[in-house]
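Trainee: I should like to request a close look at a single part of this structure, followed by an account of how other parts are built.

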Amino acid sequence: MQYTCVKAYAFMFSTHSGSFHLSTPCIILYSNRCGHCKKLAPDFEAAATRLKGTVPLAKVDCTVSTEICGRFGVTGYPTLKIFRNGQDSSSYDGPRSADGIVNYMKKQAGPNSVTLHSEADLESFIDHFDASVVGFFSGPDSGQLAEFLKSASAMREHFRFAHTTHMALGLEHGLDTEGVLLVRPPRLNSKFEESVLRFTDAITTNTLRRFIRDNIFGMCPHLTIENRDKLKGRDLLTAYYDLDYLRNPKGSNYWRNRVMKVGSQFASQGLSFAVANRKDFLDELEEEFGLGASDGGDVPFVTIRTRQGFKYTMREEFTRDGKSLERFLQDYFAGRLKRYIKSEPIPEKNKGPVKVVVAESFEEIVNDPEKDVLIEFYAPWCGHCKSLEPKYKEPQLVIPSRLSVPHPFFSFLLSCIVSPLLYFSLLLCRFPTIYFSRAGKKDQPLRYEGAREVKDFIKFLKREASHVPVISGVREEL
């Protein structure tokens, strides 16, 4: 595996006390025994090829060059670092796909903010696949310009910045005083929202960051592998279809405009919207929503994922008049939609002493407000789970007739392999994990931390059950 300038960098690194003479390189410090390094290697190599002559990429094998890696405090692999002016500048925290590395590193090359001298410079800068942040200032000594450049230095890894001291360039965009324009990508221009937003408040890094963060995506951004993490912290509806802004921008905006038209009716209800190329997310859609490559056909298929991790899919075909999407949203906000949960089928026969719960039946059974429930989260391959099984299924513990309580008590088993949402929501870190869900307090599940003998379970249940059971055949001192 060879990366651009790899041999040259290894030589300079070892002979110049860790200094580089080339501009803004990114270096990967790796171990040839590291699985994550091997997984990253093809993307890093592809990015190096595409960036050749623009931004050098390099590698250092830490199993060979131990002194170099020790000098930079490398404790895990792979570690990626960015160098400026021959010195360690920062850790690389960008995407790790080839496209992501290329885009991220291009932003690292050159100045923090590009100087614009003419209308042609401005038009060339904003005619870009990504959004542009452009500052307009009265002169090189402007205090606002100094703050803008400071902000650009802090945020250059995430946004594109340019500035000019020719105030007349801002007039065409309605800016007649010092300020900043946020120009959304031209390919996403739409009659449903403004393409250019103005910021004329006092500039600080915090105020400018907040302005960009709150406005850069607009009403319906193009969701990509690279920006999806920035959109995760919101309730998000996404329409997936054959979106391709390079080869078919008009066709790509056809469905986006319909999403925006319908979405504008619900803009004040806290739901965000996006469009995405379904081919970029096939694995995720199959894993997270149970959707295959053929679902949707030539029309988009639509999902909603909330910040809590709840998932919904629109099963009605997306109609060109947008009415099906409108009905879907009406049902969503009215609480009529059934959440999508990855689950094994509900067992047809479930009359054993220990009931089997799957993700789809969890809410109905475990969260029944009238039942006390002891539930074991397990994995089929877990040896500790197999050892616990005969104790957990002990008749003295699980047969309801042995418990003198005025309402049902049940024990359940749930395989976490088919219920990742439940697994992570309870922060399970090992198997088996046991929780007690008390009647009337379903929002306060209690983790069982005691010994795992039958007598210990019984003692726990006598203490925690909402109605203390009297268990026949078991001595009171237990």
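Which order do the strands of the open sheet of five strands have, and what pairing do they show?

Mentor: The model is a predicted one, and the description below should be read accordingly. The strands of the open sheet follow the order β5-β7-β6-β8-β9, and their pairing is mixed. The edges are taken by β5 (114–115) and β9 (196–199); each has a single partner strand, so one side of each is left without a neighbour in the sheet. Within the sheet, β6 (residues 132–136) and β8 are joined by five bridges in the antiparallel sense. One pair in this register is Val133 with its bridge partner in β8, Leu182. Helix α5 (residues 119–126) packs on the sheet, where it touches β5, β6, β7 (160–164) and β8. The direction of α5 makes about 155° with that of β6.

A histidine can be placed in relation to this sheet. His173 lies in the loop between α7 (168–171) and β8 (179–183). With a relative accessible area of 15%, His173 is buried, because the cut-off for that class is under 20%. Beyond its neighbours within four places in sequence, His173 is in contact with Leu122, Glu123, Leu181, Val196 and Arg198. Of these partners, Leu122 and Glu123 fall within the range of α5, Leu181 within that of β8, and Val196 and Arg198 within that of the edge strand β9. The loop residue His173 thus has contacts with residues of the helix and of two strands of the sheet.

A second set of strands is built around β18. Strand β16 (residues 372–378) runs antiparallel to β18 and is joined to it by five bridges; in this pairing Glu376 stands opposite Ile434. Strand β19 (residues 446–447) is also antiparallel to β18, with two bridges between them, and here Tyr435 stands opposite Arg447. Five of the five residues of β18 (residues 433–437) are buried, so the strand is largely enclosed by the rest of the structure. In a regular strand, side chains alternate between the two faces of the sheet. In β18, Thr433, Tyr435 and Ser437 point one way, while Ile434 and Phe436 point the other way, and all of them are buried.

Helix α2 offers a further element to examine. Its 17 residues (residues 35–51) should span 24 Å at 1.5 Å a residue, and the end C-alpha atoms are 25 Å apart, which agrees. Along the helix there is nevertheless a kink of about 40° at Ala41, shortly before the proline Pro42. Ala41 is also one of the buried residues of α2, which are Cys37, Leu40, Ala41, Phe44, Ala47, Ala48 and Leu51. Just after the helix, Gly53 takes a positive phi of about 90°.

The cysteines complete the account. Cys37, in α2, counts as buried at 6% relative accessibility, and Cys220 is buried too, with a relative accessible area of 1%. A search of the whole structure finds one disulfide, and it joins Cys62 to Cys69, with an S to S distance of 1.9 Å. This link is left-handed, with -85° about the S-S bond. Both of its ends are enclosed by the buried criterion: Cys62 counts as buried at 5% relative accessibility, and Cys69 at 4%.

Note on methods: Residues are numbered from 1 along each chain as its sequence is written. This is a predicted model: local features need pLDDT of at least 70, side-chain atom pairs count only at pLDDT 80 or more; totals for chains, interfaces and linings use all residues. Side-chain values use heavy atoms; hydrogens and water are left out. A disulfide is a pair of cysteine sulfur atoms within 2.5 Å. Buried means under 20% relative accessible area, exposed over 50%, partly exposed in between (1.4 Å probe, protein chains only). Helices (H or I, at least four residues) and strands (E, at least two) are DSSP runs, numbered from the N terminus. Contact means heavy atoms within 4.5 Å. The expected span of a helix is 1.5 Å times one less than its number of residues. The bend at a residue is the angle between axes fitted to the seven residues ending there and the seven starting there. Two strands pair if DSSP finds at least two bridges between them. Axes are lines fitted to C-alpha atoms, for helices over the stretch in contact, and angles run from 0 to 180 degrees between N-to-C directions.
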